[in-house]
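Please look at the sequence and the structure together, and keep both in view while you read. The paragraphs below go from the helices that meet between the chains to the two strands of DNA.

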2 protein chains.
Amino acid sequence: MSRSGADLALLLLSGYRSLVDATTDELAAQGFADFRPVHEFAMRAIAAGADNASELGRRLSVSKQAAAKVIAVLLDRGYVTRDADPRDARRKRLQLTPLGASVLRQGEAVLQARREEWARRIGAAELAALEERLSVLVGDAVVRPGAPAWRGDDPAEAR
Amino acid sequence: MSRSGADLALLLLSGYRSLVDATTDELAAQGFADFRPVHEFAMRAIAAGADNASELGRRLSVSKQAAAKVIAVLLDRGYVTRDADPRDARRKRLQLTPLGASVLRQGEAVLQARREEWARRIGAAELAALEERLSVLVGDAVVRPGAPAWRGDDPAEAR
DNA sequence: CACAGTAGACAACCAGGTTGTCGAACGCCA
DNA sequence: TGGCGTTCGACAACCTGGTTGTCTACTGTG
């Protein structure tokens with residue numbers, strides 16, 4: 001075999017970082033400073049229906065307390081609003097603000113632009129094949145983004 | 001395009017996690033509990049010549065204080081030793097113990113086994129092609145494993 | 001031989017997770 | 001109707017793993 005398992009892991013991590021860091025930088029340049037991937041992910045979940053803290057925690061595979069902290073940041077930044085749920089007085093209903101929706105759109109656009117750049121570099125068909133194989137390998141192992149950061153924080157062998 | 005940029009990022013992250021989490025679990029099962037990727041990475045750097053805290057910090061793209069904390073753990077576990085450097089009294093020279101070397105070997109073996117399983121699943125040639133394309137895309141963007149965990153901690157869109 | 005720079009120790013701090021506890025509200029069921 | 005287990009969100013304490021800043025000892029160079 002030409003490559004080691006450690007190299008493979010490192011390649012995957014580097015690819016991910018390369019996409020995500022570029023997105024973070026782009027968004028910062030567009031005026032959304034301190035906007036982190038986890039914020040984008042949380043807002044996406046909110047937009048997809050996780051409109052209260054407990055549910056958001058479940059979707060992010062994180063405790064509801066951790067979710068509440070993220071929500072506090074999003075509220076502070078004006079990306080979401082929180083108001084009483086008329087049907088369940090225990091809940092606070094979360095909603096994206098127009099500003100929040102626009103961050104989400106821009107994030108997606110930047111990520112998409114990066115993907116298109118990759119497609120130009122190796123060819124659209126090659127990129128599609130890469131995605132196809134990866135998704136076969138990963139299978140149903142859905143990633144839990146917020147999850148214990150200490151799992152998968154490094155790689156092994158960085159050169 | 002069939003897939004979004006967010007999906008691509010998620011695939012890469014999931015692939016990485018899948019490899020690394022399996023390795024961590026395997027090592028734990030083999031008696032190396034609480035052995036984390038960052039430990040493996042640090043030991044690898046030490047073995048590769050980063051035999052003092054400051055240098056280790058540089059290789060891991062982390063402050064020397066952070067490196068010192070990792071070293072403290074490795075010392076405590078008996079994976080490395082630290083003794084005076086005869087040529088520079090400021091330095092403490094780090095060395096892997098036989099135990100440390102064996103963890104490293106086992107970690108590499110487990111990772112390699114995972115890679116071979118992947119090769120069986122999609123074919124060795126396909127896997128090699130995937131690695132080749134990824135490495136073209138990633139290019140010289142060397143990953144900094146220990147680095148700010150908040151970069152690249154999430155993906156975007158988890159289903 | 002002075003002095004700028006480096007190694008490592010120590011302390012304070014911060015971010016972002018965790019668990020545990022609590023009061024209020026809900027929903028089911030006798 | 002009422003009781004009771006469950007859920008929501010808040011709050012507090014704590015842990016981990018980074019950070020910066022400061023200090024002393026030592027090095028090596030002009």
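In what kind of crossing does α6(A) pass α1(B)? The crossing is left-handed, a word used when the near helix is turned anticlockwise from the far one by less than a right angle, whereas right-handed is used if it is turned clockwise. Before going further, note that this is a predicted model, in which local features need pLDDT of at least 70 and side-chain atom pairs count only at pLDDT 80 or more, while totals for chains, interfaces and linings use all residues. Residues are numbered from 1 along each chain as its sequence is written, chains are lettered from A and ligands numbered from 1 in the order in which they are written, and side-chain values use heavy atoms, with hydrogens and water left out.

The helices named here are DSSP runs (H or I, at least four residues), numbered from the N terminus, as are strands (E, at least two). The axes of α6(A) and of helix α1 of chain B, which covers residues 5–29, come within 10 Å and cross at roughly 45°; such axes are lines fitted to C-alpha atoms, for helices over the stretch in contact, and the angles run from 0 to 180 degrees between N-to-C directions. That angle makes α6(A) oblique to α1(B), since angles under 35 degrees count as roughly parallel, over 145 as roughly antiparallel, 65 to 115 as roughly perpendicular and the rest as oblique. In this contact (heavy atoms within 4.5 Å), α6(A) takes part with Leu127(A), Glu131(A), Leu134(A), Ser135(A) and Val138(A), and α1(B) with Leu8(B), Leu11(B), Leu12(B), Ser14(B) and Gly15(B).

Helix α6 of chain A also meets helix α6 of chain B, each made of residues 124–138, and their axes come within 10 Å and cross at roughly 120°. The two helices are therefore oblique to each other, and α6(A) passes α6(B) in a left-handed crossing. On the side of α6(A) the contact includes Leu130(A) and Arg133(A), and on the side of α6(B) it includes Leu130(B) and Leu137(B). By class, this contact has 7 nonpolar, no polar and 4 charged residues, where Ala, Val, Leu, Ile, Met, Phe, Trp, Tyr, Cys and Pro count as nonpolar, Asp, Glu, Lys and Arg as charged, and the others, Gly among them, as polar.

Turning to the DNA, 20 residues surround strand C, and the closest are Arg36(A), Ser63(A), Gln65(A), Lys69(A) and Lys64(B); a residue is near a strand if one of its heavy atoms lies within 4 Å of it. Sugar and phosphate account for 63% of the atoms of strand C that come within 4 Å of the protein. The bases are reached as well: a polar side-chain atom of Lys69(A) lies 2.5 Å from a base oxygen of strand C, and an N or O atom in the side chain of Lys64(B) is 2.5 Å from a base nitrogen of that strand.

Around DNA strand D there are 20 residues, and Arg90(A), Arg36(B), Ser63(B), Gln65(B) and Lys69(B) come nearest. In strand D, a base oxygen is 2.4 Å from an N or O atom in the side chain of Gln65(B), while a phosphate oxygen is 3.5 Å from such an atom in the side chain of Asn52(A). By class, the surface near strand D has 4 nonpolar, 6 polar and 10 charged residues.

Key: Polar contact = N/O pair within 3.5 Å; in protein donor to acceptor, adjacent residues only side chain to side chain.
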